[in-house]
Amino acid sequence: MSERNIIERSWSVYEAHMRKRGVSTDEVSFVGGFASCFGILTGRVNIGLPQDTPVLKIFDAVQADLDRMRSEVIRAHEDK
C-alpha cells in the first residue's frame with residue numbers, strides 16, 4: 001500500500017486532472033465532497049433515501065448523477 005492514504009491519492013489524481021484542464025480547485029472542497037459521498041454510501045449522511053436502500057443501488061445512482069453532472073459542468077466551463 002502507498003505511504004499516502006486513499007484520500008490523499010484521490011486528491012492527487014483529481015487535482016492533476018483539473019490542473020490539466022486549467023481549472024483551479026482546493027482540498028477543502030474536495031475533502032468535503034469526498035466525505036459527503038462516503039457518508040451517503042455508508043448511510044451516515046441522510047439525504048432522504050430509504051434506510052433499506054441497497055448500497056449497489058446507491059452506487060448506480062451516484063454514478064449516473066456523476067456522469068450527468070460532469071457533462072453539465074464541462075459544458076458550462078466550455079461556454080465561458
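Okay, let's start with one residue: leaving aside its neighbours within four places in sequence, Ser10 is in contact with Phe30 and Phe34, where contact means heavy atoms within 4.5 Å. Before I go on, this is a predicted model, where local features need pLDDT of at least 70 and side-chain atom pairs count only at pLDDT 80 or more, while totals for chains, interfaces and linings use all residues. Residues are numbered from 1 along each chain as its sequence is written, and side-chain values use heavy atoms, with hydrogens and water left out.

So where does Ser10 sit? Ser10 is in helix α1; helices here are DSSP runs (H or I, at least four residues), numbered from the N terminus. Is Ser10 buried or exposed? Neither, quite: its relative accessibility is 24%, so Ser10 counts as partly exposed. The cut-offs are under 20% relative accessible area for buried, over 50% for exposed, and partly exposed in between, using a 1.4 Å probe and protein chains only. Ser10 and Phe34 are 24 residues apart along the chain, with 9.3 Å between their C-alpha atoms.

Now zoom out to the two helices. On the α1 side we have Ile7, Ser10, Trp11 and Tyr14, and they meet Glu27, Phe30, Val31 and Phe34 in α2. Remember that an α-helix has 3.6 residues a turn, so residues three or four places apart point the same way.

How do α1 and α2 pack? Their angle is about 120°, and their axes are 11 Å apart. That makes α1 oblique to α2. For the angle, axes are lines fitted to C-alpha atoms, for helices over the stretch in contact, and angles run from 0 to 180 degrees between N-to-C directions. Oblique is what remains after under 35 degrees (roughly parallel), over 145 (roughly antiparallel) and 65 to 115 (roughly perpendicular).

Let's take α1 on its own. With 15 residues at 1.5 Å each, α1 should span 21 Å, and its end C-alpha atoms are indeed 21 Å apart; the expected span is 1.5 Å times one less than the number of residues. At the start of α1, a side-chain oxygen of Asn5 comes to within 2.9 Å of the backbone nitrogen of Ile7. After the helix comes Gly22, with a positive phi near 75°.

Two glutamates in α1 deserve a look. Glu8 belongs to this helix and is partly exposed, at 40% relative accessible area. Glu8 is 23 residues from Val31 in sequence, and their C-alpha atoms are 9.3 Å apart. Glu15 is in α1 too, partly exposed at 22%. From Glu15 to Thr25 is 10 residues along the chain, and 6.9 Å from C-alpha to C-alpha.

On to α2, residues 27-42. Its 16 residues should span 22 Å, and the end C-alpha atoms agree, at 22 Å apart. At the start of α2, a side-chain oxygen of Asp26 reaches to within 3.2 Å of the backbone nitrogen of Val28. Gly43 follows α2, and its phi is positive, near 85°.

Which residues of α2 are buried? They are Phe30, Gly39, Ile40 and Leu41. Their cover includes α1 (6-20) and α3 (55-79).

Last stop: Thr53, in the loop between α2 and α3. Thr53 counts as buried, because its relative accessibility is 16%. A polar atom of the Thr53 side chain lies 2.7 Å from the backbone oxygen of Pro50.

Notes:
A polar contact is a pair of N or O atoms within 3.5 Å; within protein, one must be able to donate a hydrogen and the other to accept it, and residues adjacent in sequence count only if both atoms are side-chain atoms.
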